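Here's a quick briefing to read with the model open beside you. Have a look at the rings, the core, a couple of helices and the interface as you go.

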Amino acid sequence: MSNWTRACGTDDIDNEDVIPVAIDGHDYAVYRSPDDDYFATDGHCTHEAFLLAEGLVMDNIIECPKHNGRFDYTTGEGKGAPICEDLRTYPVKVEGGSVYIDLG
Amino acid sequence: MATRQRRDYGLLGEDGRSAVEAGLANADWYRVPVERKRLKELMRRHDTTAIIHTVIWLGLIAGLGTLTVVTWLSWWTLLIAVPYGMLWALGGDSRCHEAGHGTAFRTRWMNDVVFQIGCFMTLREPLVRRWDHTRHHTDTIIVGRDREIIEERPPRVVHFVLLWTGLPMVVPQVWGMLRHSVGHIAEDEKQLIPESEWPKMLRQARIILAVHAGTIAVAIALGTILPLMLTSFATLYGAWAIFWVGLTQHVGLAEDVTDFRLNSRTVHMNPWLRFCYWNMHYHLEHHMYPMVPFHALKELHEEVRDQCPPTYRSTFQVYRAEIIPALRRQLKDPEYYIHRPLPDAA
């Protein structure tokens with residue numbers, strides 16, 4: 001069952017960047033790709049729970065700021081050590097200048 | 001004289017358990033705030049600088065290696081061995097470090113290739129190195145959690161003297177490779193490295209040993225140690241340079257704190273050392289923001305310096321003013337360490 005929740009405005013995120021969003025006490029990371037598409041994942045690295053929104057977005061990769069662990073934020077796939085567990089992703093839609101996440 | 005018992009610096013000891021109970025494992029560390037927009041500029045990756053550095057670095061190794069062959073067994077060989085050893089051992093160590101973080105190049109495979117080259121030059125297993133260094137960044141100088149603590153308190157005199165030969169670094173590494181090649185994984189490695197990585201680790205050890213065995217076979221076939229002098233022996237005779245700069249990073253400073261300004265140093269160095277060391281003399285800044293590539297660390301230093309302790313003028317200053325006096329004092333008083341002054345506003 002869908003549970004679309006507003007996360008942020010489309011202009012809140014720079015191109016090729018990420019911001020942290022907290023909804024009901026849970027941290028999410030919301031991304032804007034170089035092609036101006038939006039994506040959302042859990043907010044913390046699966047390695048040692050560091051906040052991903054402080055990391056670096058390059059193309060479709062988010063790099064954790066603590067140990068440089070890398071994920072494809074469009075799929076959640078971990079891209080090698082020290083990442084041993086993929087990142088949970090969430091469906092996203094853009095409506096009326098806002099980014100919505102489906103929290104399911 | 002203090003009567004503190006020697007602490008257990010191993011990963012399986014009581015101090016490691018105490019660190020976890022005290023909340024020092026995977027703790028929240030203080031970092032001097034840097035505005036997100038500025039930090040993004042500093043973190044920005046590109047390939048050009050690292051490619052230029054790498055070409056010069058490998059070119060110098062090739063050139064000095066050729067000179068070594070040409071002047072072999074003359075006094076010139078000894079003279080050439082100094083810069084060659086520095087480029088091989090310290091250059092390999094720092095390239096392995098920076099490329100291991102994945103920040104030197106924007107292109108991932110370039111980081112991976114240089115990381116593997118650096119590990120080979122320093123006789124390291126890439127996977128072990130990666131997990132050891134990951135822990136070093138999580139729990140920097142936390143006793144019982146960080147295997148990269150070079151010197152303990154009180155200092156081990158024989159170990160400290162031998163450091164300059166490279167043996168305390170190389171012998172355990174080679175022993176580790178041998179163990180892994182026959183499928184043996186130590187208990188502390190099982191704690192450090194996820195089980196899913198073990199098969200890869202064992203495979204890597206066998207490949208690296210085969211390469212080194214090949215070098216030895218070439219030396220035997222040619223009837224000369226020259227191939228070893230240009231490769232694995234260079235790790236040993238260049239190791240002094242790794243430790244000359246490496247000891248300045250943390251030795252003598254506080255243990256078990258969660259503020260890099262208290263346990264890490266930034267030391268100005270001459271251009272040659274900076275080149276060999278790939279700017280890791282900005283070590284405090286590197287620990288605060290490991291995403292910032294080596295070529296942007298000077299700018300990061302300018303951003304945070306007013307919130308950090310004073311920077312040291314040179315490696316000689318650090319040894320003369322702090323490391324040697326601190327180690328001597330710690331022989332008698334293991335509780336002693338250097339308190340770094342923090343700015344009032346910090």
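How many aromatic pairs are there over all chains? The count comes to nine, and keep in mind that this is a predicted model.

**Aromatic pairs**

- Take Tyr28(A) and Tyr90(A): their ring centres are 5.1 Å apart and their planes sit at 80°, so this pair is edge-to-face.
- Tyr28(A) belongs to strand β3 (residues 26-32) of chain A and Tyr90(A) to strand β8 (residues 89-90) of chain A, so the pair ties together parts 62 residues apart in sequence.
- Both of these residues, Tyr28(A) and Tyr90(A), are buried.
- Over in chain B, Trp29(B) and Phe260(B) make a stacked pair, with 4.3 Å from centre to centre and 15° between the planes.
- That pair links distant parts of the chain, 231 residues apart: Trp29(B) is in the loop between α1 (14-21) and α2 (36-43) of chain B, while Phe260(B) is in helix α14 (residues 260-263) of chain B.
- Is Trp29(B) buried or exposed? With 8% relative accessibility, Trp29(B) counts as buried, and Phe260(B), at 0%, counts as buried too.
- Back in chain A, one aromatic cluster is formed by Tyr31(A), Phe39(A) and Tyr73(A).

**A charge over rings**

- Arg95(B) has its charged end over the ring of Trp57(B), 4.9 Å from the ring centre.
- The charged end of Arg95(B) also sits over the ring of Phe275(B), this time 5.1 Å from the centre.

**The nonpolar core**

- As background, nonpolar side chains in soluble globular proteins tend to be buried together.
- Here, the largest nonpolar core has 65 residues, and Leu90(B), Leu247(B), Val292(B) and Leu300(B) have the most contacts inside it.
- Setting aside neighbours within four places in sequence, Leu247(B) is in contact with several residues, including Phe160(B), Leu163(B), Trp164(B) and Arg265(B).

**Helix α3 of chain B**

- The 23 residues of helix α3 (residues 48-70) of chain B should span 33 Å at 1.5 Å a residue, and its end C-alpha atoms are indeed 33 Å apart.
- Among the buried residues of α3(B) are Ala50(B), Ile61(B), Leu64(B) and Trp57(B), and Trp57(B) is the residue whose ring has Arg95(B) over it.
- The buried residues of α3(B) pack against α4 (75-101), α5 (108-121), α11 (226-229) and α15 (271-277) of chain B.

**Helix α10 of chain B**

- For the 25 residues of α10(B), the expected span at 1.5 Å a residue is 36 Å, and that agrees with end C-alpha atoms 36 Å apart.
- Gln204(B) is placed in this helix, α10 (residues 198-222) of chain B, and at 14% relative accessibility Gln204(B) counts as buried.
- Beyond its neighbours within four places in sequence, Gln204(B) is in contact with Gln116(B), Glu125(B), Pro126(B) and Leu127(B).
- Other buried residues of α10(B) include Trp198(B), Met201(B), Ile208(B) and His212(B).
- Packing partners for the buried residues of α10(B) include α6 (126-138), α8 (167-181) and α9 (187-192) of chain B.
- Right after α10(B) comes Gly223(B), with a positive phi near 70°.

**Where the chains meet**

- Chain A and chain B each put 23 residues into the contact.
- Between them the two chains bury about 1,900 Å², with 48% of it on carbon and sulfur atoms.
- Which three residues supply 26% of the area that chain A buries against chain B? They are Leu56(A), Lys66(A) and Asn68(A), more than any other three residues.

Conventions: Residues numbered from 1 in each chain as written. Chains lettered and ligands numbered in written order. Heavy atoms only, no water. Phe/Tyr/Trp six-rings, centres within 6.5 Å; stacked < 30°, edge-to-face > 60°. Helix = DSSP H or I, 4+ residues; strand = E, 2+ residues; numbered from the N terminus. Buried < 20%, exposed > 50% of the residue type's maximum accessible area, 1.4 Å probe, protein only. Lys NZ or Arg CZ within 6 Å of the ring centre and 35° of its normal. Core = buried A, V, L, I, M, F, W, Y, C linked by side-chain atoms within 4.5 Å. Contact = heavy atoms within 4.5 Å. Expected span 1.5 Å × (residues − 1). Buried area = accessible area lost by both parts, 1.4 Å probe.
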